[in-house]
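Here's a quick briefing on the model, sorted by topic. Have a look at the structure first, then work through the bullets.

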Amino acid sequence: MNQASTHFIAICSDSIGETAEAVVQATLRQFELEDAEIKRYMNVRDEEELTELMEEVARRGGFVAYTLVQPELREVIREEAVRLNIRAVDIMGPMMQAFADTFNDYPKRLPGLLHRLDDTYFRRVEAMEFAVQYDDGKDVSAILKADIILLGVSRISKTPLSMFLAHKGYKTVNYPIVPEMSPPSQVQEVKSGTIIGLTMEPEHLLKIRSERLKVMGLPNEVQYATLERIREEIDYALSLYERLGCPVIDVTDKAIEETAGLITNLLK
């Protein structure tokens, strides 16, 4: 009997399950499910674990999304899904099969290759440390060391975007744009294509700043959160971007992941 009180989604992986959860989270954004529960089952390597997992999914009336590289385990989970009459979504299987069929090659079938300690992993760690150390213009000398320089006015999501890009391995520095302050001279020395200007609809930024002031317990009447001031800052920033000749991205209503994707495409 279905005893589900929430929308239950199980993540089954022979590694840490990050790939499957990312797909599930992206899908969840398309639905208005406030009570969705995602549970990861990591490092699943034998049939007994799979059986217990699938029985819990059946009890709770959910479904399972899985990333298993061993064909034997994928076959077990498919059989259990039929036996228990639950849906199981294979995240990696079809993609690996497409590679095999198209390029006449065979997968290594080793769990956790995405997270092995290789050069890519250490580059991500170094980029994360860089983003934290030089966040919000703490040291302008970092501008000449960075892969990506983000420019933008206050509360336009420069810091979370920097961290996300760092997680992808890009050394990212962000610098605040204020009409009363000239940008650092190092910006003029940066090679073409690494500076990105961020902008946002003034009305949208007004809501963000007003909410920020509310959280801090400050009055909304301060100049920082007036539409006139915000328009002045945005206009100044856009004129600066034009002088620099850098790409400009409007981040209004864009998710961090979407903006990061646009930036990495520009770099390529």
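Arg124 is in contact with Ala166, His167, Lys168 and Gly169, leaving aside its neighbours within four places in sequence. This is a predicted model, so read every value below as computed from predicted coordinates. Arg124 itself lies in helix 5, and at 18% relative accessibility it counts as buried, the cut-off being under 20%.

**Helix 6 and its surroundings**

- Helix 6 spans residues 158-167, and its buried residues are Lys158, Leu161, Ser162, Leu165 and Ala166.
- Those residues sit on the same side of helix 6, because they cover an arc of only 140° around the axis.
- The background is simple: an α-helix has 3.6 residues a turn, so residues three or four places apart point the same way.
- What covers the buried residues of helix 6? The cover includes helix 5 (119-133), strand 5 (148-152), strand 6 (172-176), strand 7 (195-199) and helix 9 (256-267).
- Ala166 turns up twice here, as a buried residue of helix 6 and as a contact of Arg124.
- After helix 6 comes Gly169, with a positive phi near 100°; Gly169 is also one of the residues that Arg124 contacts.

**The open sheet**

- There's an open sheet of 4 strands in the order 6-5-7-8, with parallel pairing.
- Strand 6 and strand 8 (248-250) are the edge strands, each pairing on one side only.
- On average, neighbouring strands of this sheet are turned by 25° against each other, direction ignored.
- Strand 7 and strand 8 pair in the parallel sense over 3 bridges, and Thr199 has Asp250 in strand 8 as its bridge partner.
- Helix 6 packs on the sheet, where it touches strand 5, strand 6 and strand 7; its direction makes about 170° with that of strand 6.

**Nonpolar cores**

- The largest nonpolar core has 34 residues, and the members touching the most other members are Ile149, Leu150, Val173, Ile177, Leu198 and Ile263.
- At least two residues of this core come from each of strand 5, helix 6, strand 6, strand 7, helix 8 (227-244) and helix 9.
- Helix 8 gives the most, with 6 residues.
- Another core, of 17 residues, lies apart from that one; among its members are Tyr41, Leu50, Leu53 and Val57.
- Which residues does Leu198 touch, not counting those up to four places away in sequence? They are Leu150, Leu151, Gly152, Ile156, Lys158, Leu161, Tyr241, Ile249 and Val251.
- Of those, Lys158 and Leu161 are also among the buried residues of helix 6.

**Salt bridges**

- Side chains of opposite charge can pair when their charged atoms come close.
- The salt-bridge count comes to 16, with a side-chain N to carboxyl O cut-off of 4 Å.
- Glu55 and Arg83 meet in one, at 3.5 Å, N to O. Glu55 lies in helix 2 (residues 47-60) and Arg83 in helix 3, so the pair ties together parts that are 28 residues apart in sequence.
- Both ends of that bridge are partly exposed: Glu55 has a relative accessible area of 31%, and Arg83 is at 49%.
- Asp90 forms a salt bridge with Arg74, with the closest N and O atoms 3.6 Å apart. That pair links Asp90 in strand 4 to Arg74 in helix 3, 16 residues apart.
- Are Asp90 and Arg74 buried or exposed? Both are buried.
- Glu126 and Lys171 meet at 3.0 Å, N to O. Glu126 is in helix 5 and Lys171 is in the loop between helix 6 and strand 6, 45 residues apart.
- Glu126 is partly exposed, with a relative accessible area of 42%, and Lys171 is partly exposed at 23%.
- Glu180, Arg209, Arg229, Glu232 and Glu233 are linked in a network of salt bridges.

**Positive phi outside glycine**

- Asn85 isn't a glycine, yet its phi is positive at about 60°. Asn85 sits in the loop between helix 3 (71-84) and strand 4 (88-90) and is exposed, with a relative accessible area of 70%.
- Arg155, also a residue other than glycine, has a positive phi near 65°. Arg155 is found in the loop between strand 5 and helix 6 and counts as partly exposed at 37% relative accessibility.

Terms used:
Residues are numbered from 1 along each chain as its sequence is written. This is a predicted model: local features need pLDDT of at least 70, side-chain atom pairs count only at pLDDT 80 or more; totals for chains, interfaces and linings use all residues. Side-chain values use heavy atoms; hydrogens and water are left out. Buried means under 20% relative accessible area, exposed over 50%, partly exposed in between (1.4 Å probe, protein chains only). The arc is that of the directions from the helix axis to the C-beta atoms. Contact means heavy atoms within 4.5 Å. A nonpolar core is a set of buried Ala, Val, Leu, Ile, Met, Phe, Trp, Tyr and Cys residues joined through side-chain atoms within 4.5 Å. Two strands pair if DSSP finds at least two bridges between them. Axes are lines fitted to C-alpha atoms, for helices over the stretch in contact, and angles run from 0 to 180 degrees between N-to-C directions.
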